[in-house]
Amino acid sequence: MKCVETIEVETPVAPPPNRVRLPMGLLGFEQIKDYVLLANPSEDPFAWLQVETNASLAFVVIDPFLVMPDYQPDIPEADAEFLGLQQPDEVRLFNIVTVHGPNRATVNLKGPIVINRRTHVGKQVIVANASEYSVQHPICVAETGA
Amino acid sequence: MLILSRKLGESIVIDGRIHVKIVRVDGEVVKVGIEAPSDVPVHRKEVYEEIQLSNQKAVTRQSSPLPKLAVVAKIKTPVNKVGLQKT
């Protein structure tokens with residue numbers, strides 16, 4: 001009788017829950033297409049868009065509406081089509097944050113990462129109204145040592 | 001750089017699958033029409049480079065702590081005014 005041995009592992013090897021595929025990569029990083037979206041509650045509202053095959057390489061991202069509630073990015077139709085967006089509620093936006101120092105951060109509002117939450121496919125889109133927004137829009141940070 | 005002269009209405013073909021057409025000439029502004037497969041991104045150069053540079057500055061190795069976002073971030077519903085909210 002052949003016994004099938006069950007090997008118990010401490011951490012189950014499951015696929016990352018928040019995988020995002022960017023078929024065109026990010027501007028300047030076109031070769032990297034597979035990412036994982038991670039969030040550490042203590043860093044809320046910032047999240048990490050981490051390169052799947054290189055965990056040490058990541059981008060800080062944020063929901064842009066938390067920085068600018070009336071943000072109105074004009075997503076070109078060709079991009080919406082590329083992402084297969086059918087309903088407005090399928091759209092999820094993340095914008096890349098540049099951390100300049102412990103108290104200074106800016107967010108790129110010209111080129112949001114638009115994700116189809118149904119397919120988990122995304123694209124960094126240059127909004128049609130890019131001239132209205134800044135690539136380095138300041139984020140209000142709390143004073144440290146206050 | 002390959003330099004070609006085109007008149008209004010004439011086109012250029014790149015790699016047999018990307019078509020660039022001079023659609024309109026209005027003084028100094030030239031309107032260019034581009035037909036390309038959906039897997040070929042096409043952007044205005046200056047905005048592309050601005051975002052590319054921004055992305056390159058933004059990439060991080062997760063070593064430094066992130067700044068704490070001010071109170072405005074905790075508001076989940078839209079507010080009437082956008083601005084600094086001091087704690």
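Here are some numbered notes on a predicted model with a chain A and a chain B.

1. Start with the layout of chain A. Its secondary structure comes to 1 helix and 9 strands. If you walk along the sequence, the order is β-β-β-β-α-β-β-β-β-β, so to find the helix, look between the fourth and fifth strands.

2. Now for how chain A packs. It has 146 residues, and 45% of them count as buried. Among the contacts in chain A with a separation of 6 or more, 53% are between residues 24 or more positions apart. On the outside, chain A exposes about 8100 Å², with carbon and sulfur atoms supplying 52% of that area.

3. Next, the place where the two chains meet. People often describe the size of an interface by the accessible area lost when the parts come together. For chain A and chain B, the buried area is about 3400 Å², and carbon and sulfur atoms give 66% of it. On the chain A side, A:L27, A:L66 and A:C140 lose the most area to chain B, together 17% of what that side buries. In residues, the contact takes 43 from chain A and 32 from chain B.

4. What about polar links across that contact? The count between chain A and chain B is 4 residue pairs in polar contact, taking pairs with both residues at pLDDT 80 or more. As for which elements of chain A take part, β3 (47-51), β4 (58-62) and β5 (91-101) give two or more residues to the side that touches chain B. The count of salt bridges between chain A and chain B is 1. To see a salt bridge across the contact, look at B:E50 and A:K110, whose closest N and O atoms are 3.6 Å apart.

5. A:N108 is worth a click if you want to see both chains around a single residue. You'll find A:N108 in the loop between β6 (104-107) and β7 (113-116) of chain A. Is A:N108 buried or exposed? It counts as buried, because its relative accessibility is 1% and the cut-off for buried is under 20%. Leaving out residues up to four places away in sequence, A:N108 touches A:N95, A:I96, A:Q124, A:S134 and A:V135 in chain A, plus B:I51, B:S54 and B:N55 in chain B.

6. Salt bridges over all chains come to 9. One of them joins A:E52 and A:R19, at 2.8 Å from N to O. A:E52 sits in the loop between β3 and β4 of chain A, while A:R19 belongs to strand β1 (residues 19-21), so the pair ties together parts that are 33 residues apart in sequence. Both ends are partly exposed: A:E52 has 28% relative accessibility, and A:R19 has 41%.

7. Chain B has salt bridges of its own. The side chains of B:E10 and B:R6 meet at 3.3 Å, N to O. B:E10 is partly exposed at 29% relative accessibility, and B:R6 is partly exposed at 39%. Another salt bridge pairs B:D26 with B:R24, also listed at 3.3 Å from N to O. Here B:D26 is partly exposed, with a relative accessible area of 45%, and B:R24 is partly exposed at 47%.

8. Have a look at the surface of chain B as well. Which residues form a nonpolar patch there? The members are B:L8, B:V25, B:V30, B:V32, B:I34 and B:V42, and together they have about 490 Å² of accessible area. Strand β3 (residues 29-35) of chain B gives the most to this patch, with 3 residues. B:V25 comes from strand β2 (residues 18-26) of chain B. Its relative accessible area is 47%, so B:V25 counts as partly exposed and passes the patch cut-off of over 30%.

9. Last, a stop at A:V121 back in chain A. This residue lies in strand β8 (residues 121-124). With a relative accessible area of 21%, A:V121 is partly exposed, because buried would need a value under 20%. Setting aside neighbours within four places in sequence, A:V121 is in contact with A:R21, A:P23, A:L83, A:V114, A:I115 and A:N116. A:F82 is 39 residues away from A:V121 in sequence, and the two are 9.5 Å apart in space, C-alpha to C-alpha.

Technical notes. Residues numbered from 1 in each chain as written. Chains lettered and ligands numbered in written order. Predicted model: local features only at pLDDT ≥ 70, side-chain atom pairs only at ≥ 80, totals over all residues. Heavy atoms only, no water. Patch = residues over 30% accessible without salt bridge, like charges linked within 9 Å, V, L, I, M, F, W, Y side chains within 5 Å. Areas by Shrake-Rupley, 256 points an atom, 1.4 Å probe, with all protein chains shown as cover. Salt bridge = Lys/Arg side-chain N within 4 Å of Asp/Glu carboxyl O. Helix = DSSP H or I, 4+ residues; strand = E, 2+ residues; numbered from the N terminus. Buried < 20%, exposed > 50% of the residue type's maximum accessible area, 1.4 Å probe, protein only. Contact = heavy atoms within 4.5 Å. Buried area = accessible area lost by both parts, 1.4 Å probe. Polar contact = N/O pair within 3.5 Å; in protein donor to acceptor, adjacent residues only side chain to side chain.
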